[in-house]
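Thanks for coming, everyone. Let me put the structure up, and then we'll walk through it.

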Amino acid sequence: MCYHSPLMSAAERIKQLEHEAISAIDSALSTAVLEDLRVKYLGRSSELTGIKKSVGSLPTEERKEVGGTANRSSRAIEEALRGRVEQLAAKEREAKLEAEAVDITLPGTPYPRGHLHPTQRIIDEVVDFFVGLGYRVAEGPEVETDYYNFTALGIPPGHPARTMQDTFFLDDGLVLRTQTSPMQIRTMLSQEPPVYVVCPGKTYRRDSDPTHSPMFHQIEGLAVDKGLTLGHLKGTLAAMARHVFGESVKIRLRPSYFQFTEPSVELDVSCFVCGGSDPACKVCKGAGWLEMLGAGMVDPGVLEEVGYDPEEYTGFAFGMGPDRMAMVKYGIPDLRLFFEGDLRFLQQF
Ligand code: DAH
């Protein structure tokens with residue numbers, strides 16, 4: 001173990017080890033190397049530890065000197081190690097931070113910005129309007145029973161309206177709802193009057209041209225209370241039309257027929273493309289008016305069907321097409337553009 005000259009005293013050898021260790025420590029370039037040096041100079045099988053172990057067998061006067069020198073050198077080496085570890089660890093931390101640095105001033109990966117669909121904007125506007133009047137919002141199933149979609153609304157089996165609505169019939173007495181009107185029945189069966197509810201949702205009919213799509217949207221409205229009249233219906237819908245279209249679009253109410261309202265009306269808005277001047281207009285087909293919604297006073301038979309007393313309560317109902325309303329509002333001539341998912345189209349809104 002002692003490969004130094006036998007002429008060198010133990011204390012001298014210790015000093016030599018100390019110098020050797022400290023100069024190695026000073027020139028070490030990583031904390032990993034420092035750890036190796038710690039093992040080499042202070043570890044259990046290091047030469048210095050060996051010397052310390054042998055101190056006990058030395059003559060008394062030498063024991064004190066060698067022991068003292070060994071302890072001082074150990075401490076000096078430890079001290080040098082600690083200082084250098086601190087320096088190198090700080091450097092290593094800096095290098096790591098630099099290597100992992102993120103330039104927060106670089107622009108990020110831009111996400112394509114989304115847009116609300118024009119139909120959704122109309123739905124939001126209409127629903128907001130009615131919520132402002134105290135109406136509640138309800139949603140129901142798109143796969144509907146024949147009973148709710150037709151029978152309970154005064155359209156019994158075999159009634160021509162079932163095919164007139166271009167119904168998608170499913171198995172087991174189910175249909176894709178052709179209208180949101182079944183929500184009238186579902187709502188009234190689930191609560192006592194008074195009722196003030198709007199029901200936006202998807203509806204389906206076998207129909208496709210510039211103003212019809214097999215899937216489209218409706219918003220149903222229903223109010224049932226004591227003393228409601230056609231005047232309330234007219235005032236409510238006029239205020240709604242002004243809220244959505246402003247004062248510039250003309251509106252007309254015209255008598256109509258629905259199986260579940262009596263009397264029934266239709267609300268039209270003036271054609272935004274030709275204003276009624278082009279007999280060949282693709283949008284209004286020369287009529288000058290676009291059918292916007294159906295409405296009426298709830299038929300007493302419907303109130304009876306859900307267990308409301310028609311002597312005590314009256315109501316009005318309406319069903320509108322937010323897709324068509326969006327066409328009017330934004331001047332879009334072809335409804336099918338709404339459902340093609342073309343971002344160039346949607347980004348215009
Ligand atoms: N459900 C009718 C349709 O799709 C629209 C409608 C008319 C709804 C009159 C109503 C109403 O609530 O009272 O053609």
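A search of the whole structure turns up 12 aromatic pairs. One of them joins F345 and F349. Keep in mind that this is a predicted model.

How do we describe such a pair? With two values: the distance of the ring centres and the angle of the planes. For F345 and F349, the centres are 5.2 Å apart. The planes meet at 70°, and the pair is edge-to-face.

Next point: are these two residues buried or exposed? F345 has a relative accessibility of 8%, so it counts as buried. F349 has a relative accessible area of 18%, and the cut-off for buried is under 20%, so F349 is buried too.

Rings also form a cluster here. Ring pairs link F129, F130, Y135, Y196, F316 and F318.

Now the sheet. It is open and has 7 strands. Read across, the order is β1-β4-β5-β9-β8-β7-β6. The pairing is mixed. In general, strands of a sheet pair through backbone hydrogen bonds, either parallel or antiparallel.

Which strands sit at the edges? They are β1, residues 136-137, and β6, residues 251-258. Each pairs on one side only.

Stay with β1 for a moment. Its link to β4, residues 195-204, consists of 2 bridges, and the two strands run parallel. R136 has V197 in β4 as its bridge partner.

Last item: a helix on this sheet. Helix α8, residues 182-190, lies across β1, β4, β5 and β9. Here β5 covers 215-225 and β9 covers 314-320. The helix runs at about 40° to β5.

That's my tour. Over to you.

Definitions and conventions: Residues are numbered from 1 along each chain as its sequence is written. This is a predicted model: local features need pLDDT of at least 70, side-chain atom pairs count only at pLDDT 80 or more; totals for chains, interfaces and linings use all residues. Side-chain values use heavy atoms; hydrogens and water are left out. Rings of Phe, Tyr and Trp (its six-membered ring) pair if their centres lie within 6.5 Å; planes under 30 degrees apart count as stacked, over 60 as edge-to-face and the rest as tilted. Buried means under 20% relative accessible area, exposed over 50%, partly exposed in between (1.4 Å probe, protein chains only). Two strands pair if DSSP finds at least two bridges between them. Helices (H or I, at least four residues) and strands (E, at least two) are DSSP runs, numbered from the N terminus. Contact means heavy atoms within 4.5 Å. Axes are lines fitted to C-alpha atoms, for helices over the stretch in contact, and angles run from 0 to 180 degrees between N-to-C directions.
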